[in-house]
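Q: Could you walk me through the fold of this one? I'd like to go through the sheets, then the helix packing, then a residue or two.

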Amino acid sequence: MSTDNSAKQTTRLIHAGRHPERHAGAVNVPPFRVSTVLFPDLAALDDYDPYYRSIRYGRTGNPSSHAFEEAVTVLEGGHGAVAYGSGVQAISSALLAFTKAGDHILMVDTAYGPSRTFCDGILKRAGVETEYYDPALSAADLKALLRPNTSVLFMESPGSQTFELQDVPALAAVAREAGIVSMIDNTWAAGILFQPLAHGVDISIQSATKYIGGHADASLGVTVTASEAHWLKLKKASVELGAVAGPDDLFMGLRGLRTLPTRMRQHQETGLILASWLAEQPEVTRMRHPALPGCPGHAIWQRDFSGACGLFAFEMNPVPRAALAAMVDGMRLFGMGYSWGGFESLILPCDPSRIRTATRWQGGQLIRIHAGLEDPADLIADMNDGFNRLRKAL
């Protein structure tokens, strides 16, 4: 089934990657659980190229991975995509593909915690130096950080936990001029609220576990590139690393893509209702929601983004741990968990100071919220009860 590039994004996502004529007319691409694929003849064996989209060995590509990669390429507006078993695998594989011993990379200080862990662990042992930088870094300041051996600029906007926005187009332009590969963790925007490749970024990375999966039941990552050269380098690295996504997770990722625009609209609406209510609570000292005026990076969000998801945070004055526990332990609808992007709402107390080195966290008690698909009035009632428990415990 062809995808009309002139159609609206919602329409294109419904049809991207679907080829019913190849699968007995099935509306959804079935999960292909395959390792061995038989070659029809010696000529086909001789022509096999595992890096391109041949279906001759399950790990290097199959109809499930091809369909998912095709659909996400449409979502992000890129040349091609590579699927992985998790978001962390997508990040680590991309960094390994474009670095070598002796290289220097620039990693935003507000990156996802496991990104830092990989840089400070495996990447460091491989001889690659990571320098963390302030997310508020200007294009001029970025130029001052570049070295002859700088190979990668890594961004994440909004930043993990604290939601600072970066001037992605300006930073990407500096990287491109210097011949440096620019990458961004685009999970918050889910590829639909912000289009990094259209803003000059070379590689967009997502934990498709989050909003693309959308149902808290898949482990999936994906990279999308602006150019064929970068796609081929990523694909070669994934084959060499044995990085692969499972067929059932790919099936769930494809399922999630079909409803992604609709779900994101609801996440945005519920998140903004909840954030606006939270902003009025006496305990809340600061909101960290890019779509709210006065929040860090709001002007950049207005300029570059088409909407917001359901993930944001708020700050409170420090409270005793027992009082915090009274607040969060009794939640009926908000679960406590490290992931997000599913249909369920989550609450997570955070301490950004543990994962910051180039900047210093000076805020109070940070609470991260994921607004799920429940009725906003019910979520507010649950949160209100939590604040009442907090007040009684103080």
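What follows is a conversation about the sheets, helices and selected residues of this predicted model.

Q: Let's start with the seven-strand sheet; what order do the strands come in?

A: The strands of this open sheet follow the order S1-S7-S6-S5-S4-S2-S3, and the pairing is mixed. S1 and S3 (129-133) stand at the edges with a single partner strand each, so one side of each has no neighbour in the sheet. From one strand to the next the twist averages 20°.

Q: How do S2 and S3 run, parallel or antiparallel?

A: Strand S2, residues 104-108, runs parallel to S3 and is joined to it by five bridges. Within that pair, Val108 has Tyr133 of S3 as its bridge partner. Helix H5 (residues 113-125) packs on the sheet here, touching S2 and S3, and its direction makes about 155° with that of S3.

Q: And which strands does H7 touch?

A: Helix H7, residues 168-178, packs on this sheet against strand S4 (150-156) and strand S5 (181-185), with its direction at about 170° to that of S4.

Q: Over at the other edge, how many bridges are there between S1 and S7?

A: There are five bridges between S1 and strand S7 (residues 221-225), and the two strands pair in the antiparallel sense. Gly80 is the residue that stands opposite Thr225 of S7.

Q: S1 is an edge strand, so is it buried or exposed?

A: Strand S1, residues 80-84, is mostly covered, with five of its five residues buried. Gly80, Val82 and Tyr84 point one way while Ala81 and Ala83 point the other way, and all are buried. As background, side chains in a regular strand alternate between the two faces of the sheet.

Q: Switching to the four-strand sheet, what's the order there?

A: That sheet is also open; its order is S8-S9-S11-S10 and its pairing is antiparallel. Strand S8 (284-288) and strand S10 (346-350) are the edge strands, each pairing on one side only. The twist averages 25° from one strand to the next.

Q: What about S9 and S11, how many bridges do they share?

A: Strand S9, residues 311-316, and strand S11, residues 365-370, are paired antiparallel over six bridges. Ala313 stands opposite Arg368 in S11.

Q: Which helices sit on that sheet?

A: Helix H9 (residues 247-279) packs on it, touching S8, S9 and S11, and the direction of H9 makes about 10° with that of S9. Helix H12 (residues 376-393) lies across S8, S9, S10 and S11, and runs at about 20° to S9.

Q: So how do H9 and H12 cross each other?

A: Their axes come within 10 Å and cross at roughly 30°. That angle makes H9 roughly parallel to H12, because angles under 35 degrees are counted that way. The crossing of H9 and H12 is right-handed.

Q: Which residues make that contact?

A: From H9 the contact uses Thr270, Ile273, Leu274, Trp277 and Leu278, and from H12 it uses Pro376, Leu379, Ile380, Met383, Asn384 and Phe387. By class, the residues where H9 meets H12 are nine nonpolar, two polar and no charged.

Q: H3 packs on H9 too, I gather; what are the angle and the distance between their axes?

A: Helix H3, residues 63-76, and H9 pack at an angle of about 30°, and their axes are 9 Å apart. H3 is therefore roughly parallel to H9. The crossing of H3 and H9 is left-handed.

Q: Which residues meet there, and what classes do they fall into?

A: On the H3 side they include Ala67, Phe68, Ala71, Val72 and Leu75, and on the H9 side they include Leu250, Leu254, Leu257, Arg258 and Leu260. The contact of H3 with H9 has ten nonpolar, three polar and one charged residues.

Q: New topic: how many residues of H4 are buried?

A: Helix H4 (residues 87-97) is mostly covered, since eight of its eleven residues count as buried, which means under 20% relative accessible area. Among them are Ala90, Ile91, Leu95 and Ala97.

Q: Last one: is Val168 buried or exposed, and what does it touch?

A: Val168, which is found in helix H7, is buried, with a relative accessible area of 1%. Leaving out residues up to four places away in sequence, Val168 touches Met155, Ser157, Ile184, Phe194, His199 and Val201. Val168 and Ile300 are 132 residues apart in sequence and 9.1 Å apart in space, C-alpha to C-alpha.

Definitions and conventions
Residues are numbered from 1 along each chain as its sequence is written. This is a predicted model: local features need pLDDT of at least 70, side-chain atom pairs count only at pLDDT 80 or more; totals for chains, interfaces and linings use all residues. Side-chain values use heavy atoms; hydrogens and water are left out. Two strands pair if DSSP finds at least two bridges between them. Axes are lines fitted to C-alpha atoms, for helices over the stretch in contact, and angles run from 0 to 180 degrees between N-to-C directions. Contact means heavy atoms within 4.5 Å. Buried means under 20% relative accessible area, exposed over 50%, partly exposed in between (1.4 Å probe, protein chains only). Angles under 35 degrees count as roughly parallel, over 145 as roughly antiparallel, 65 to 115 as roughly perpendicular and the rest as oblique. A crossing is left-handed if the near helix is turned anticlockwise from the far one by less than a right angle, and right-handed if clockwise. Ala, Val, Leu, Ile, Met, Phe, Trp, Tyr, Cys and Pro count as nonpolar, Asp, Glu, Lys and Arg as charged, and the others, Gly among them, as polar.
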